[in-house]
Amino acid sequence: MPPFQGLTDVERESVRSALVTELARAEEQTVSLSRQFDDIVGAAELSNADDEHDPEGTTIAFERSQVSALLDQAIRDVAALQRTLAGLDDEDFGICEQCAGPIGFERLVALPATRRCVECAR
Ligand SMILES: [Zn+2]
């Protein structure tokens, strides 16, 4: 039998609550970012109606791509956290996907969606 490298039940529950907190935060972020995105799109439509050569047009396009990138990232975060949460009760949870060593409890609580140990993440 390989040596136990996973988490104790208590540690697992701490990681679970860290994941749930992080997931709620990421979900909130997607909501607020999509709202921001809609606002920018709405503002762009208004300003186009007023003057199609509005110099603010480029600023709006820039803002829109910024918010869109942040939104994509937030959506990916939510998906990664949901995946991690779903795999939390697996026997190999907390094992680095690269070197198969323990990721470590501290690191999992700080970065609950991580799949690699601190060495492999470098
Ligand atoms: Zn590793």
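The following legends describe close-up views of a predicted model.

**View 1. Overall arrangement of the helices in the predicted chain.**
The chain contains 4 helices and 0 strands, and its elements follow the pattern α-α-α-α when read along the sequence. Helix α1 covers residues 9-50, α2 covers residues 56-86, α3 covers residues 105-110 and α4 covers residues 118-121. Of the 122 residues in the chain, 28% are buried. Where contacts in the chain join residues at least 6 apart in sequence, 63% of these contacts join residues at least 24 apart.

**View 2. The zinc ion and its cysteine donors.**
The zinc ion is coordinated by the SG atoms of Cys 96, Cys 99, Cys 117 and Cys 120, at 2.3 to 2.4 Å. The angles among the 4 donor atoms are 104 to 117°, and the site is tetrahedral. For four tetrahedral donors, the ideal angle at a metal is 109.5 degrees. Along the sequence, the donor residues of the zinc ion have the spacing C-x2-C-x17-C-x2-C. Within this set, the pair Cys 99 and Cys 117 links distant parts of the chain, the two residues being 18 residues apart. Cys 99 belongs to the loop between α2 and α3, whereas Cys 117 belongs to the loop between α3 and α4. Cys 99 is classed as partly exposed because its relative accessibility is 43%. Cys 117, by contrast, has a relative accessible area of 7% and is therefore buried.

**View 3. Backbone conformation at Ala 100.**
Ala 100 lies in the loop between α2 and α3. This residue has a positive phi of about 65°, although it is not a glycine. Most residues other than glycine have a negative phi. With a relative accessibility of 44%, Ala 100 counts as partly exposed.

**View 4. Lining of the second largest pocket.**
The second largest pocket has a volume of about 170 Å³. The residues that line this pocket are Gly 87, Asp 90, Asp 92, Phe 93, Gly 94, Ile 95, Glu 97, Ile 103, Leu 108, Thr 114 and Arg 115. By class, the lining divides into 4 nonpolar, 3 polar and 4 charged residues.

**View 5. Surroundings of Thr 84 in helix α2.**
Thr 84 lies in helix α2 and has a relative accessibility of 1%, so this residue counts as buried. Leaving aside residues up to four places away in sequence, Thr 84 touches Leu 19, Phe 93, Pro 112, Ala 113 and Arg 115. Among these partners, Phe 93 and Arg 115 also belong to the lining of the second largest pocket.

**View 6. Ile 60 and its contacts.**
Ile 60 is a residue of helix α2. Its relative accessible area is 11%, and Ile 60 is therefore buried, the cut-off being under 20%. When residues up to four places away in sequence are not counted, Ile 60 touches Ile 40, Ala 43, Ala 44 and Ser 47. For one of these partners, Ala 44, the C-alpha atom is separated from that of Ile 60 by 6.5 Å, and the two residues are 16 residues apart along the chain.

**View 7. Glu 27 in helix α1.**
Glu 27 is found in helix α1, and at 35% relative accessibility this residue counts as partly exposed. Not counting residues up to four places away in sequence, Glu 27 touches Val 78 and Gln 82. A separation of 7.5 Å lies between the C-alpha atoms of Glu 27 and Ala 74, which are 47 residues apart along the chain.

**View 8. Arg 35 in helix α1.**
Arg 35 is part of helix α1. This residue counts as exposed because its relative accessibility is 53%, the threshold for that class being over 50%. The C-alpha atoms of Arg 35 and Val 67 are separated by 9.9 Å, and these residues are 32 residues apart along the chain.

Methods:
Residues numbered from 1 in each chain as written. Predicted model: local features only at pLDDT ≥ 70, side-chain atom pairs only at ≥ 80, totals over all residues. Heavy atoms only, no water. 1 Å grid on protein atoms, 1.4 Å probe; cavity = no way out; pocket = protein on both sides within 12 Å on 5 of 7 lines; lining within 4 Å. Points joined across faces, edges and corners; volume = space filled by probe spheres on them. Nonpolar A, V, L, I, M, F, W, Y, C, P; charged D, E, K, R; others polar. Donors = N, O, S within 2.8 Å, 3.2 Å for Na, K, Ca; no water. Tetrahedral: all angles 85-135°; square planar, octahedral: opposite > 155°, others 65-115°. Buried < 20%, exposed > 50% of the residue type's maximum accessible area, 1.4 Å probe, protein only. Contact = heavy atoms within 4.5 Å.
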